[in-house]
Amino acid sequence: MATKGKPPKPEELSKISYTPPQRNWMDIPVEFKPGMYCHATRPKYLEAVGMPFPRDWSPADADWKLPDNWKEIILQGIKERLMKYRTFHVFMDICVRCGACADKCHFFLGGGDPKNMPVLRAELLRSVYRKYFTTSGKIFGKAAGARELTEDVLKEIWYYYFQCTECRRCSLFCPYGIDQAEITIIGRELLNLLGLNLDWIMGPVANSYRTGNHLGLEPHTIKANIDFMLDDIETITGIRVETTFNRKGAEILFIGPSGDLFGVPGNYVTMGELMLFHEIGLDYTWSTMACEGGNFGFFTSMEVAKKLYYKIYSEAKRLGVKWILGGECGHQWRLMNQYADTWWGPPDFLEEPVSPITGTKFENAKGSKIVHITEFTADLIKHGKLKLDKSRNDHLKVTFHDSCNTSRAMGIFEEPRYIIKNVCNHFYEMPESTIREKTFCCGSGSGLNAGENIELRMRGGFPRANAVKYVREKFGVNMLANICAIDRAALPTLMDYWNPGVDVCGVHELLGNALVMTGEIERTLDLRGEPLPGKGGAE
Amino acid sequence: MGILFSFAVVIAIVLIVFAGVRGAGLNYLFAIIIPYLALLTFIIGVTYRVFNWGRSAVPFRVPTTGGQQFTLPWIKSNKLDNPHTSYGVIGRMILEVLLFRSLFRNTKAELHDGPRLVYGSEKLLWLAAIAFHYSFLVILLRHLRFFTVPVPTPIQFLEFVDSFFQVGAPLVYITNFVIVIALLFLLYRRLGMPQIKYISLPSDYFPLFLILAIVLSGIYMRYFDKVDIVGVKQITMGLVSFRPTIPDGIGIIFYIHLTLVCTLFAYFPFSKLVHMAGVFLSPTRNLANNNRMQRHVNPWDYPIKVRSYDDYENEFREKMKKAGIPVEKE
């Protein structure tokens, strides 16, 4: 595991200047600042999924041990991708550098490095494109914004394309919809042609290929972890909840992020879900192989992403379920909403999803047959199928963080809010420019949730944290709810750094607290095992 | 550096016309040949660019969603910012192309003490962009009167509206003022705002200087150094009817204006100005967010090696059996 660096103090870090230097950006070579980048991937991870050029190297080294024909590989890679992705092709050509995206990026707002303005991050690659693929770039060179591809340029692209979390906020504000996420995705694909990935990304990829999940949990461990949760649920509610693994003939296959199977506070989300499924008598099963909706392959290359998503439909088919229910995870839903069916569909062996409890047809998922759990739960609440005691969350003053992927690659805003408002009495929105489609990233998405780049993460998360600070000071908010496993892993660190005292939870943890279960004992503990104030527990 | 270079290129074009027409008497080159070549370059160039983008595949349906998705019947979806039907997409594209919807969202972030990040509304760029583009369009359409006999009623009406506040002759057009102000503001952003200046390339300044020069030369020609309008119309009508003629005595300013316009047309397909066509092909805007309803096919999809369940079970079978997890092969 990576060693955890120490970031400067918040007072230091928040001294940010947005004024760019005098010198032309092309003349300023990239500087690898400790705390701002991640370790290089170990060769064994690349070997595990058959990716090229596995070797020991380090970003800080002068010599990256590139193959002799590295330049040819990159240029050929660009050429291919211009034909394979219209996004890439059009986005390389039509930017007018109006600057609308400049102050929309959380890394720019938290760091002030001008190369983190999305427009300039794109220009890092666009300048190379112009040099080798456009007439004006070939003839006029620098005057046309073109530059040679050198090792320094390659390193610069690496440094800044791993300082982008593919959150798409810039794309929302761009008058032409130019999406830096798309450019970053393709830029990273190019870097992967030379084996230039992060340890923090390739480790989970290799794990996910072998065990089905990023954490490398083997089937018996998954079961053991959930058994522990069932014990905790029994302690809290007095009810022994049952669940099944790899059970053939179940109606529904449930797939969440593996982060929720291991570690705080994700495990509380799973507990809430287990309680909910028990209470409504849902006929569902887990798959120990398809136990991860997240997909770090997406931060590697489209091919690896597709490779890691094979398990989703193939396990649904093997187990003979009718449809798939997806858990609270951000980029899982980018993929389930925009990629899954294209990669491995059509899933014609499944049925159009219908809630067995309410009879609601999930019209919007009739093709891919994958329903988001907040769609499912919101529908249950709307139909009055759940008995909820909001007061059990009265010790919490909750705000909701929209995750990048569920916001700008899906648009699931009302469903989680509807649930929260039905299970909590105290809910407060952050300022309008920082939520819903305009939401800010946690600063650690797209595989950047490592330890060694902690300064980068605290900087990138600054706009989000600052908005939380606002509602904390105004309303006393002490709980930051979300529907993303990366958020639950990253935001606690971010809150400790910028807003100590604000905790992080998933929406189904709040639901689990409020859910009145048939035959339960009087609740004195919340899902975290902490006494519920005013409920017979200690104040 | 880029600023001076771009400015110098525009000045050079003016000087070349001056020398070519006044010095060398190359009227035919500047009034006939260059306009035809420029228009041809524009048409072929833009067509090629669009065709070339169109050849690139759209492997995934990746719209940027800007509002509530289509979901349960009792939740209102945002049909324009998060369209799930073709009608919605058309609506979104109309808003984008005609009203610059995304740019209208623009905010400006400021860091105050505390630290406190504040986001203010920032509509000036949108306003300047709208003012510039629509003025340009109106001016372009007004110019159709040089290429038509009789001048169609809509064009006459446009002139009437554009000069609404004016009594007397020659008519003063509102758009002439608006476009100058808008261009100066856009230029100010690039020169006066450090972030924008930092990202600007020579190819960002050049179109601004070029269009400004076109506008100013046009205004100069109309109100100050009044050229022989009848002669000009003989040239323009000659061009559209493919029977080019050049009457004598047309002022040099006309040749300068015309050549600058030709430069813009010829430069267009090789520059960022192709955003005019490219915006229609942007996959984050022109696709519906309905991938869970309708399958999108990747045209270049190819088979890949995956890890099968059998491989998985072979590795973990004993552990699974021990934990009581069902297996395929006992």
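Student: What makes domain 1 and domain 2 of chain A separate units in this predicted model?

Tutor: The bounds come from an automatic or database domain assignment. That assignment gives domain 1 as 11-30 + 52-196 and domain 2 as 204-514 of chain A. The centres of the two domains, taken over C-alpha atoms, are separated by 31 Å.

Student: How do you know that domain 1 of chain A is in contact with domain 2 of chain A?

Tutor: Contact requires heavy atoms within 4.5 Å. By that rule, 27 residues of domain 1 touch 32 residues of domain 2 in chain A. About 2400 Å² is buried between these domains, with carbon and sulfur atoms giving 63%. On the side of domain 1, A:Leu13, A:Arg168 and A:Arg169 lose the most area to domain 2, together 26% of what that side buries.

Student: What polar links does the rule count between domain 1 and domain 2 of chain A?

Tutor: There are 11 residue pairs in polar contact, both residues being at pLDDT 80 or more. The count of salt bridges between the two domains is 0. The elements giving two or more residues to the domain 1 side are α5 (106-111), α9 (169-173) and α10 (180-192) of chain A. Of these, α10(A) gives the most, with 6 residues. By class, that side divides into 12 nonpolar, 7 polar and 8 charged residues.

Student: Why is helix α24 of chain A called largely enclosed?

Tutor: A residue is buried when its relative accessible area is under 20%. In α24 (residues 507-514), 8 of the 8 residues are buried, so the helix is largely enclosed by the rest of the structure. Among them are A:His508, A:Glu509 and A:Asn513. The buried residues of α24(A) pack against α13 (266-280), α18 (373-382), β5 (398-400), α20 (414-423), β6 (479-482) and β7 (503-506) of chain A.

Student: Why is the pairing of A:Arg97 and B:Asp204 called a salt bridge?

Tutor: The cut-off is 4 Å from a side-chain nitrogen of Lys or Arg to a carboxyl oxygen of Asp or Glu. The side chains of A:Arg97 and B:Asp204 meet at 2.6 Å, N to O, so the pair satisfies the rule. Across the interface of chain B and chain A, 9 salt bridges are found.

Student: What area is buried between chain B and chain A, and which residues of chain B supply the most?

Tutor: The buried area is about 9100 Å², of which carbon and sulfur atoms give 58%. B:Trp74, B:Tyr198 and B:Arg292 supply 11% of the area that chain B buries against chain A, more than any other three residues. The contact takes 89 residues from chain B and 116 from chain A.

How values were computed. Residues numbered from 1 in each chain as written. Chains lettered and ligands numbered in written order. Predicted model: local features only at pLDDT ≥ 70, side-chain atom pairs only at ≥ 80, totals over all residues. Heavy atoms only, no water. Buried area = accessible area lost by both parts, 1.4 Å probe. Polar contact = N/O pair within 3.5 Å; in protein donor to acceptor, adjacent residues only side chain to side chain. Helix = DSSP H or I, 4+ residues; strand = E, 2+ residues; numbered from the N terminus. Nonpolar A, V, L, I, M, F, W, Y, C, P; charged D, E, K, R; others polar. Buried < 20%, exposed > 50% of the residue type's maximum accessible area, 1.4 Å probe, protein only.
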